[in-house]
Each structure stands twice: as structure tokens, then as C-alpha cells.
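Work through the exercises below with the sequence and the 3D view side by side. Try each task before reading its solution.

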Amino acid sequence: MAKENRPRLRAVALLLACVAIAGSAGAADASKVEVAVTIKADQPGPVINPNVYGQFAEHLGTGIYEGVWVGEKSTIANTDGYRNDVIKALKALHVPVVRWPGGCFADEYHWRDGIGSREKRPVKVNTHWGGVPETNEFGTHEFMKFAEMIGTKVYISGNVGSGSPQEMADWMEYMTSNTVSTLANERRKNGREQPWEVHFFGIGNETWGCGGNMTPEYYANLFRQYATYVKAPRGHRPKIVASGGNDAGTTWAEVLTSNVHRDMDAISHHYYTTPTGVWANKGNSLGFPEKEWISTLKHTMQIDEYITNNEKVLDKNDSQGKVAFYVDEWGTWYNPEPGREPGFLYQQNTLRDALVAGLNFNIFHRHARRVQMTNIAQMVNVLQAMILTDGPKMALTPTYHVFQMYIPFQGATFLPTDVTTPEYQLGEYSVESVNVSAARDVAGNLVLALVNLDPNREAVVTTGVVGAQVKGASGRVLTSGTMDAHNTVDAPEAVKPTAISAKKAGGKWVLRLPPKSVAVVTFQ
Ligand code: AHR
């Protein structure tokens, strides 16, 4: 061996010895991170409104037609025209509220087109979404029956952009009147004796854009005018929702709360998550690099700051907390899938979307005081959907599973947490490795939701509970081998939740959270 190599060998030996010593002393393991969580069960916060788990179903692509409604004559298994498989899956999700008929579609929708004999309903063009025929087969009666079938409240979006106060008032009367008015009798003639309950009514949608390209000041006056005529029988008045801003904006909340002093129960806000942050090239739903994994998670968490800034405006102008903040459109939006109509907004839904859902819920819980409703966009076959259909087949998405895992948070009491977590970093992006949210559910149990954002490292999460005695902790975790793992109608169970439980150690609960995962654990 050459003499000059000896110092290098000594250095290698020294390094190996150091690694051995470090290993035996339990030094940092690159395959896992350590996280500490304290649940403060003695400091209960606000109730998490179940409507935070709301959905949005627009006349867009195959969201309604094919996705929910196939008609009585379809060969796809249905009850009175509604897909049996989709109805069953939605019932299991405990959907608290559904927003309908849009979106941008709402400001071109004229409710009279969708009542009466289906054969006689006019065929219109869905100009916003693909320029396809809108048969109006699915109208008010069909939507209300759908809501009853899945057991959900209804949030109707009224037409401000191309409608009139009279048209809006008539629709409300048609739906809710228990009198012998001509409109109420027309409803009866069309098959519905009892008035429906309209729980929420939106005065327009995105009035800064597809809903009329208005200024907030102009819309504030229109809101005052339209809301005056949205009437319902005593005790049945819906909550009236003003169309608000989007993304980082606070101007709409500022102008609305400064200029509207009655009838406004909530202001809506929209925020869509894209991997790139560039609308013209958002990024793909499948086959994306790790850089777009972390950027998507980083971008989605920006909603925390956007809500906080709007809350500050509301707290300043509405100190009594009368006006709620509804995030009535949120979720991921990717590039159109090759070979599909771009205007249909169909996209695959992967484990990344599951993490997006979990992170948004954890954020919404923290803002439970003002954020009293959110509606993911959208329910079936559109954007970050719960369900994807293909002919007679159906697949539940990873997002569906997260909605189901989080059911214990509906109506639960928020509990603050202390979290010590390392950062997961890649390139210019840095996010916390683990994000959590805790609550006491309606049955009195503590629930903890955890998201491990790091796609490469397991998180060993040690949880302590202050102010409550717990005997055990178990729940479900959603994960998979790849960042873009997803379900298809031919492989519908590729991504599904499995059991997870915590072990007791030193008076705390230790949970091994796989890389890239979402878990919800109940402490008994
Ligand atoms: O959800 C798709 C569209 O996104 C909605 O119609 C519109 O309100 C928003 O721009």
C-alpha cells in the first residue's frame, strides 16, 4: 500500500467509527423525523361547523349529467334517474351542505328552464363550460330530491349577472312558499306539495369575474337590492351569502362590510391551489416531480394567511361577529388531462390531493370562529372531486377518503395544540414536516388529525394530552408508495385507508406516521 494513502485510510476509519458511535447513541436517522404534539384539552375553542365539510356541484362537464344524474332510462343502475353508486357513496360521507347550480353557471342559469315536464324544457348552451348543450333535465326539483336522497342541506346560488331581482324573488317563492300563490301552486302541479327548506342563498358568484365583472362598490349596492327581495316564510329565511373576493384579496370583504348593514349573513371567498402558481400552466395531476409536490402543499397553505387577513377586516367592521366567512370554492386545479375536453375540468385525484384536503381542514378548524362553511370544488368528475365515474363504473378518490376520515370533526369543539416539528425542505420551498389539528368530537372523544407532508421520511409523533385522561389511541391512515398514487375505475382500491394505532410510552402516545400520509386518530 502506498505511504501517501495512509492518512486517507485513517480518516475513513475515523469516520466509520464516528458513524458507529453516533448510531449506537441514537443520532439523527435520515429516514424519519421526531415530532412532539401537545393537545390542550383544557382550552376548548369554537365549535367546528359541520358545514366546513360542504361540497359544490355545478353544471359543469360530467359533474351533474353522468356524475349524479343519468335519467330513469339509463342502463346505469339508478333510482329515479340518480346513480345508485354515487348516491350510496355520498350518503356515507355525511355531506352537510351542497352548493348548486354554480359557479359561473349560476349567473347564466334561469330557474324556469329547469321546471315542469322534462321533455318540454328548453335546451340551452353551457357557454362557460365547453359550449355543450344544457338540457335542463336536472333542475330545481331534481336537485332538491338529490339533496334529500343524500341527506344534505342546500345552498342555492342565485343569478345576479344575467338575472333580475324579480327572477330571484320568484325562485325563492316557488321553492319556499306555503301559500296558495300561483308560484306555490305551480310547484305543487310539478309534483312537490310541501315547500322546500332553502338553508343558504347566494346573491351571485364571482361578481368580480364571470358573475358580471363588477366593482365591489357596484356589487355592494346590487347585493342590498337583490337581498331585499329574497323572501321566505317566517322562520325559514335562508342565510344570505354575498359574493366576495378571492386569493389574497381583502377589498371585497372591506367594501361589503363597510357598505352593507343588513341581510348579509356571510361573505364568500374562493381560492384554488395550483402546483406552479401560474394559471396558464398550472401543473399536471399525475406524473409530477417532487418540486410540484412541495409547491402544491406550500401554495394550498397560503389560504391560512388569506383567511387571517379577511378575518381582520371582519373583526374591524363586524366586531359582533354577525357575518361569517364562507370559502365556498376551494381545492386543486390542474392542467386539462390529455384527450379530454378542457372546459370540463376533469382531473385525476392523487395522494397529493388527499394531503391538500387534510391541510385545508386543519386550517379551517383553526378559523372555526368565522369560517362556518366551505365547499370543495367539486363533488363528482370536476376538479378535486370526491368521485370519478366512467360509464357504469365509479372510483372513490383519495380526497373522498380524507373527507370520510375527518367526519368526527363535524360539529366537534376545536382544541389548540403545541407542535414541535422539523421542516421539510426542497429547493426554494420549506414547509413543516407534520401539520395537525385536534378537537373534542360530539361523542366526547379527543380526535387528532395529522398530515405528514414529507414524502420521504416517516414521522414519529409523540403526543401528550393536557386536561383529559386517555386510555388508547387508534384510527385510520391514508398513504401509498408514490406521490401520485390514485384510484381508477379499474383499480378503485389502490389508495384506501388502513388502521393505525399509537403506543403508550412515558405517559405519552407514540404514533408512527408514514411518509406522505394523512391520519385521523381518536383517543379513548
Ligand atoms: O369551480 C369552477 C369555477 O371556478 C366556478 O364555476 C367559478 O366560480 C370559479 O371560477
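The exercises cover the ligand site, the pockets, the cavities and the backbone of this predicted model.

**Exercise 1. The ligand shell**

Task: State how many residues surround the ligand, and sort them by class.

Solution:
- Step 1. Count residues with a heavy atom within 4 Å of the ligand. There are 15 of them.
- Step 2. Pick out the closest: Glu-58, Cys-104, Glu-206, Tyr-272 and Glu-329.
- Step 3. Sort the shell by class. It has 8 nonpolar, 4 polar and 3 charged residues.

**Exercise 2. Polar contacts and burial**

Task: Find what lies 2.8 Å or 2.9 Å from an oxygen atom of the ligand, then give the share of the ligand that the protein buries.

Solution:
- Step 1. Begin with the backbone. An N or O atom from the main chain of Cys-104 is 2.8 Å from a ligand oxygen.
- Step 2. Turn to side chains. Glu-206 places a polar side-chain atom 2.8 Å from an oxygen atom of the ligand.
- Step 3. Add Gln-378. An N or O atom in its side chain is 2.9 Å from a ligand oxygen.
- Step 4. Apply the cut-off. A polar contact needs N or O atoms within 3.5 Å, so these three pairs qualify.
- Step 5. Check burial. The ligand alone exposes 280 Å², and the protein buries 93% of that.

**Exercise 3. Two pockets**

Task: Which pocket does the ligand take up, and how are the largest and second largest pockets lined?

Solution:
- Step 1. Place the ligand. The space it takes is the largest pocket.
- Step 2. Read the volume, about 390 Å³. Of its 24 lining residues, Glu-206, Asn-246, Tyr-272, Trp-279 and Trp-333 are closest to the centre.
- Step 3. Find the main contributor. Strand E11 (residues 266-273) supplies the largest share of this lining, 3 residues.
- Step 4. Class the lining: 11 nonpolar, 9 polar and 4 charged residues.
- Step 5. Move to the second largest pocket, with a volume of about 280 Å³. It has 17 lining residues; Arg-340, Tyr-346, Asn-381, Thr-389 and Asp-390 lie nearest its centre.
- Step 6. Repeat the analysis. Strand E14 (residues 387-390) gives the largest share, 3 residues. The classes are 5 nonpolar, 7 polar and 5 charged.

**Exercise 4. Enclosed space**

Task: Give the number of cavities of 30 Å³ or more, and describe the lining of the largest cavity.

Solution:
- Step 1. Count them. There are 4 cavities of 30 Å³ or more.
- Step 2. Take the largest cavity. Its volume is about 50 Å³.
- Step 3. List its lining: Tyr-109, Trp-111, Gly-158, Asn-159, Glu-167, Met-168 and Trp-171.
- Step 4. Map the lining to elements. Helix H4 (residues 165-176) gives the most, with 3 residues.
- Step 5. Class the residues: 4 nonpolar, 2 polar and 1 charged.

**Exercise 5. Unusual backbone**

Task: Locate the cis peptide bonds and a positive phi at a residue that is not a glycine.

Solution:
- Step 1. Recall the norm. Most residues other than glycine have a negative phi, and most peptide bonds are trans.
- Step 2. Inspect Gly-102 and Gly-103. Their bond is cis, with omega about 20°. Gly-103 sits in the loop between strands E5 (97-100) and E6 (124-126).
- Step 3. Inspect Ala-377 to Gln-378. This bond is also cis, with omega near 0°. Gln-378 lies in the loop between strand E13 (371-377) and E14.
- Step 4. Check phi. Leu-345, not a glycine, has a positive phi of about 50°. Leu-345 belongs to the loop between strand E12 (324-332) and helix H10 (351-366).
- Step 5. Link back to the ligand. The side chain of Gln-378 has an N or O atom 2.9 Å from a ligand oxygen.

Definitions and conventions
Residues are numbered from 1 along each chain as its sequence is written. This is a predicted model: local features need pLDDT of at least 70, side-chain atom pairs count only at pLDDT 80 or more; totals for chains, interfaces and linings use all residues. Side-chain values use heavy atoms; hydrogens and water are left out. A residue is near a molecule or strand if one of its heavy atoms lies within 4 Å of it. A polar contact is a pair of N or O atoms within 3.5 Å; within protein, one must be able to donate a hydrogen and the other to accept it, and residues adjacent in sequence count only if both atoms are side-chain atoms. Accessible areas come from the Shrake-Rupley method with a 1.4 Å probe; for residues, only the protein chains shown count as cover. On a 1 Å grid over the protein atoms alone, a cavity is a set of points where a 1.4 Å probe fits but cannot get out, and a pocket is an open set with protein on both sides within 12 Å along at least five of seven lines; lining residues have an atom within 4 Å of a point. A molecule sits in a cavity or pocket if more than half of its atoms lie within 2 Å of its grid points. Ala, Val, Leu, Ile, Met, Phe, Trp, Tyr, Cys and Pro count as nonpolar, Asp, Glu, Lys and Arg as charged, and the others, Gly among them, as polar. Grid points are joined across faces, edges and corners, and a volume is the space filled by probe spheres set on the points. Helices (H or I, at least four residues) and strands (E, at least two) are DSSP runs, numbered from the N terminus.
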